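Colleague: I am new to this structure and would be grateful for a close look at a single part of it. Please take one loop residue as the starting point and proceed from there to its surroundings.

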Amino acid sequence: MKSKTDLFENEGPSQEYCALRRSDWGPDVEKRKRLNSMYKRHHQWLDESWLNRFLDKEFHQRSWELLIADTLCSLGFEFGDESGDEGPDFVGRLFGIDVTVECVSYSPGQEGKPFSVPRTNYEYRSGIEAMGHKKGDGYPSFLHWNEISLRVSNAFKAKVLQLQQHKSSGFTSRIHLIAIGNGGVKPGMVHDNLPHDDAIWRLFLPFKATGIIDLDTGEHGIARETDTPKDKRVVEKPFLMEGAKGVAGVLFGTTLFSAGHMPWEDKLYWVRNPYADHFFDIPESPVLDSLVGC
């Protein structure tokens with residue numbers, strides 16, 4: 001796609017984009033510089049609609065995709081000509097192996113809807129009290145982890161299905177990775193801090209090889225056909241989903257380029273799928289803040 005000199009040259013319809021564009025806070029200025037620098041170096045691997053989507057309603061999603069392009073490049077990824085087309089987000093070779101990468105972001109959801117991430121601590125505590133719990137009993141952060149877990153699990157599941165479609169379309173790479181990023185869950189939405197660390201441990205590490213997490217109790221159990229997030233308040237463990245053996249691992253990130261977001265809260269994990277059909281691992285790297293291998 002054609003490069004743009006400055007991503008923040010003009011106003012756009014996105015509230016998140018405009019807030020970052022107008023901010024003169026030092027860390028926000030650095031975020032704009034970082035996004036512009038990454039875009040200048042990697043724009044050719046993005047699809048033609050990336051810029052319009054970045055300026056419009058997909059600021060977080062497109063920022064995450066750009067960050068993954070930069071991360072892959074730092075790891076030595078050799079981008080193929082198919083990157084940015086109708087297939088996987090990125091196609092190429094990593095450590096001499098053919099690899100495809102799909103990017104997805106989990107959003108807070110629509111405010112007021114079931115399993116959405118509440119917008120403020122006050123609204124969140126009020127919702128907990130309405131369920132019969134008291135302030136200070138430990139439930140606010142606990143239940144918020146469940147909401148995050150459900151949204152991450154659903155994002156993973158959607159990309160597993162998409163990767164299966166790509167395979168049927170002729171993409172022959174044995175190694176498929178999914179990069180799951182923060183699509184707008186901000187510190188003001190949580191109790192005390194961002195619970196992403198807990199979400200990744202509960203979802204991706206194989207505690208007793210169990211299949212679900214009960215949203216009411218937090219207990220891990222064995223998945224049953226009748227247990228679905230919609231009607232039984234459970235979350236499927238991503239690596240145990242149907243078709244997940246085709247995914248070698250997950251890059252899981254908390255980075256937000258939102259105005260006012262503290263950059264030291266940003267982390268990027270690599271989690272290898274222990275049940276994958278084909279073994280693939282990323283060696284410890286300074287590009288990854290924390291390596292959580294299985």
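Modeller: Leaving aside neighbours within four places in sequence, S23 is in contact with D28, V29, R32 and A259. The model is a predicted one. S23 belongs to the loop between α1 and α2. Is S23 buried or exposed? Its relative accessible area is 15%, and a residue under 20% counts as buried, so S23 is buried. Of its contacts, A259 deserves a separate word: A259 and S23 are 236 residues apart along the chain, yet their C-alpha atoms are separated by 6.7 Å.

The helix before this loop, α1, may be considered next. At the N-terminal end of α1, S14 acts as a cap, with a side-chain oxygen 3.4 Å from the backbone nitrogen of E16. E16 is itself buried, as are Y17, C18 and L20 in α1. Which elements cover these buried residues? Among them are α2, α3 and α4.

Y17 leads on to the aromatic residues. One aromatic cluster is formed by F8, Y17, Y39, W50, F54 and F59. By the pairing rule, the count of aromatic pairs comes to 14. One of them joins F8 and F54 in an edge-to-face arrangement, with 6.1 Å from centre to centre and 75° between the planes. This pair links distant parts of the chain, since F8 is in the segment before α1 and F54 is in helix α3, 46 residues apart. Both F8 and F54 are buried. F79 and F90 form another pair: their ring centres are 5.7 Å apart and their planes stand at 75°, so this pair is edge-to-face as well. F79 lies in strand β1 (residues 78-79) and F90 in strand β2, so the pair ties together parts that are eleven residues apart in sequence. F79 and F90 are both buried.

F54 and F90 also appear in the wider setting. The largest nonpolar core has 39 residues, and L35, F54, I68, F90 and F280 are those with the most contacts inside it. The elements giving two or more residues to this core include α1 (15-22), α2 (26-42), α3 (50-55) and β2 (90-94). The largest share, eight residues, comes from α4. Apart from this core lies another, of 22 residues, with V185, L203, M241 and Y269 among them. In soluble globular proteins, nonpolar side chains tend to be buried together.

Terms used: Residues numbered from 1 in each chain as written. Predicted model: local features only at pLDDT ≥ 70, side-chain atom pairs only at ≥ 80, totals over all residues. Heavy atoms only, no water. Core = buried A, V, L, I, M, F, W, Y, C linked by side-chain atoms within 4.5 Å. Buried < 20%, exposed > 50% of the residue type's maximum accessible area, 1.4 Å probe, protein only. Helix = DSSP H or I, 4+ residues; strand = E, 2+ residues; numbered from the N terminus. Phe/Tyr/Trp six-rings, centres within 6.5 Å; stacked < 30°, edge-to-face > 60°. Contact = heavy atoms within 4.5 Å. Polar contact = N/O pair within 3.5 Å; in protein donor to acceptor, adjacent residues only side chain to side chain.
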